[in-house]
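Notebook open, coffee at hand. Today I am looking up how the helices sit against one another, and what a few chosen residues touch.

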Amino acid sequence: MNLRRLLTLHALITFAAGVVLIAAPGLIPGAVGVRVPPDAYLVCYLLGAAELALAFLSFAGRTLRRPDGMRLVIWTVIVFHGCTAAVEAYAFARGVVNPAIWANVALRLVVIALFIQYGLRRKDGHDDH
């Protein structure tokens, strides 16, 4: 694994999540026991758009050569996944009592750890291998 591959994998997964949130808005929330009525699909569409934007950032970040630009991409991914993990934990505390939500929180923490390892721990923010 290297940063370029990690960014590519992240782009593909977040792109897929964005498409699913827009095309089948109840599918991902349903996986953690949240039912989304059709009149609330806009929330899923907006989250899907955010996922698509993050996918673009990850994909475009693969070609950056300036360390400050690469650090900004890495920190944006870390902050996004940190915030969403915190919000998911908050949702659990507020009554979304489905153990599957903790699997998603754990997955986000793994993503954060990977971006720290392959992104922030490198002095130049690049991994050309």
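The entries below go from helix pairs to single residues and end with the cysteines.

**Entry 1: ground rules**

I am working with a predicted model, in which local features need pLDDT of at least 70, side-chain atom pairs count only at pLDDT 80 or more, and totals for chains, interfaces and linings use all residues. Residues are numbered from 1 along each chain as its sequence is written, and side-chain values use heavy atoms, with hydrogens and water left out.

**Entry 2: α4 and α5**

I began with helix α4 (residues 67-93) and helix α5 (residues 100-120), which pack at an angle of about 160° with their axes 9 Å apart. For my own reference, helices (H or I, at least four residues) and strands (E, at least two) are DSSP runs, numbered from the N terminus. Axes are lines fitted to C-alpha atoms, for helices over the stretch in contact, and angles run from 0 to 180 degrees between N-to-C directions.

How are α4 and α5 oriented to each other? I noted them as roughly antiparallel. The scale I use has angles under 35 degrees as roughly parallel, over 145 as roughly antiparallel, 65 to 115 as roughly perpendicular and the rest as oblique.

The crossing of α4 with α5 is left-handed, that is, the near helix is turned anticlockwise from the far one by less than a right angle; clockwise would be right-handed. I then sorted the residues of the contact between α4 and α5 by class and got 17 nonpolar, 5 polar and 2 charged. Here Ala, Val, Leu, Ile, Met, Phe, Trp, Tyr, Cys and Pro count as nonpolar, Asp, Glu, Lys and Arg as charged, and the others, Gly among them, as polar.

**Entry 3: α1 and α5**

Next I took helix α1 (residues 3-23), which packs with α5 at an angle of about 150°, the axes being 9 Å apart. That makes α1 and α5 roughly antiparallel, and their crossing is left-handed. On the α1 side I found L3, L6, L7 and H10, and on the α5 side V111, L114, F115, Y118 and G119; contact means heavy atoms within 4.5 Å. By class, the contact of α1 with α5 holds 7 nonpolar and 2 polar residues, and no charged ones.

**Entry 4: α1 and α4**

At what angle do α1 and α4 cross? I have roughly 45°, with the axes coming within 13 Å. The two helices, α1 and α4, are therefore oblique to each other, and I logged their crossing as left-handed. L3, L7 and H10 of α1 meet M70, V73, I74, V77 and H81 of α4. The contact of α1 with α4 divides into 6 nonpolar and 2 polar residues, with no charged ones.

**Entry 5: L7 and V73**

I picked L7 from α1 and V73 from α4 for a closer look. Are they buried or exposed? L7 is buried, at a relative accessible area of 1%, and V73 is buried too, at 4%. My cut-offs are under 20% relative accessible area for buried, over 50% for exposed and in between for partly exposed (1.4 Å probe, protein chains only).

Setting aside neighbours within four places in sequence, L7 is in contact with S58, G61, R62, M70, V73 and F115. With residues up to four places away again left out, V73 touches L7, L57, G61 and L64. I also checked L7 against A55: they are 48 residues apart in sequence and 8.7 Å apart in space, C-alpha to C-alpha.

**Entry 6: further along α4**

T84, also in α4, is buried, with a relative accessible area of 17%. A89 belongs to α4 as well, but comes out as partly exposed, at 26% relative accessibility. What does A89 touch beyond four places in sequence? I found W102 and V105. The C-alpha atoms of A89 and V105 are separated by 7.3 Å, and their positions lie 16 residues apart along the chain as a sequence separation.

**Entry 7: cysteines**

Last, I searched the whole structure for disulfides (a pair of cysteine sulfur atoms within 2.5 Å) and found 0. C44 is in no disulfide, its nearest cysteine sulfur being that of C83, 19 Å away. C44 is buried at 6% relative accessibility, whereas C83 is partly exposed, with a relative accessible area of 45%.

Methods: Disulfide = S-S within 2.5 Å.
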